[in-house]
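Welcome! Open your viewer, choose a ribbon display, and let us walk through this structure one selection at a time.

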Amino acid sequence: MNRHLRNIAAILVFALAAVSCGVVSFTGRRQLLLFSDSEITALSDKSYSEFMGTASVSTDTAAVRMLQETGRRMVSALESYMKSHNMSSALSGLSWEFQLVKSSEVNAFCLPSGKIVFYEGILNYADTPDYIAVVMGHEMAHAIARHGNERMSQQAALNLIGNTASEVIGARKGATAQSLFNIGFGLGTQAGVMLPYSRKHEYEADKIGVYIMELAGYDINAAPEFWERMTQGRSSDTNDFLSTHPSNTKRIKALKEVIKTKSAL
């Protein structure tokens, strides 16, 4: 009986994939998206409010200003580009916000609704607008590429194969959806630490981030430079931000290849 249910579940997964495909902006990659923008936004905003309720906002006014000015400039450029190419729908559900919080951790994250948080520690490396734009572009890319929705959808599909169909049908709402969100992002259970995306998502976010940087007029050569700065004096990836990302040597090589071969937007 369990095997029979799993077979049915597998068929349902393929059926869902056939009707729930999205396309990633800038790269054209097809992806499985089982959740609506409104569902993702509601879950994201809840977690963001909980996180900010316990975090300490930075009092470094100069750093906060530089962060927010960079974010606004990049969002403005992105929105103008998407509008001019009739792609504004790709920004549905995104409400951008930029926060700098007190912490020595070298980290940053973006929730699927567009809420971006930098930790003060990362500004030891991202200490200019160009370097901030590297991190900002990468985090923005996760949001516009719907990586969060995709990660939750993949987890839901796995649950569907492993459990009964009735359990999965309920995954679209209520406590189960919240559980999928927590599994996918770790917020609420790990003091706001985002769990790592897949390497495929990380490389894709790097690539899209370079495109957004260029749209906003930042120096895209700062992208590999930033990661080179992050690796100086380290024999391995040891800090928090590095631990959630691919090998720096490989990512630097990939970024240089994107800059070298990318076509004009």
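Please keep in mind that this is a predicted model. Begin by selecting strand E5, residues 115-119, together with E4: the two run antiparallel and are joined by 3 bridges. Now show the side chains of Phe109 and Val117, because pairing across strands is easy to follow there: Phe109 stands opposite Val117 of E5.

Next, add helix H2, residues 37-54. H2 packs on the sheet and touches E3, E4 and E5. Look along E5 and you will find that the direction of H2 makes about 30 degrees with that of E5. Then bring in helix H3, residues 61-84, which also packs on the sheet, touching E3 and E5. Here the angle to look for is the one with E3, about 155 degrees.

Now hide the helices and view the sheet by itself. In what order do the strands of this open sheet lie? The order is E3-E5-E4, 3 strands with mixed pairing. Select E3 (97-101) and E4 (108-110): these stand at the edges with a single partner strand each, so one side of each has no neighbour in the sheet. Turn the view a little, and note that neighbouring strands are turned by 15 degrees against each other on average, direction ignored.

Finally, select the whole protein chain. Along its ribbon there are 11 helices and 5 strands. Of its 265 residues, 51% count as buried. Switch to a surface display to finish: the chain exposes about 12,200 Å², and carbon and sulfur atoms supply 53% of that area.

Conventions:
Residues numbered from 1 in each chain as written. Predicted model: local features only at pLDDT ≥ 70, side-chain atom pairs only at ≥ 80, totals over all residues. Heavy atoms only, no water. Helix = DSSP H or I, 4+ residues; strand = E, 2+ residues; numbered from the N terminus. Buried < 20%, exposed > 50% of the residue type's maximum accessible area, 1.4 Å probe, protein only. Areas by Shrake-Rupley, 256 points an atom, 1.4 Å probe, with all protein chains shown as cover. Pairing = 2+ DSSP bridges. Axes fitted to C-alpha atoms, helices over the stretch in contact; angles between N-to-C directions. Contact = heavy atoms within 4.5 Å.
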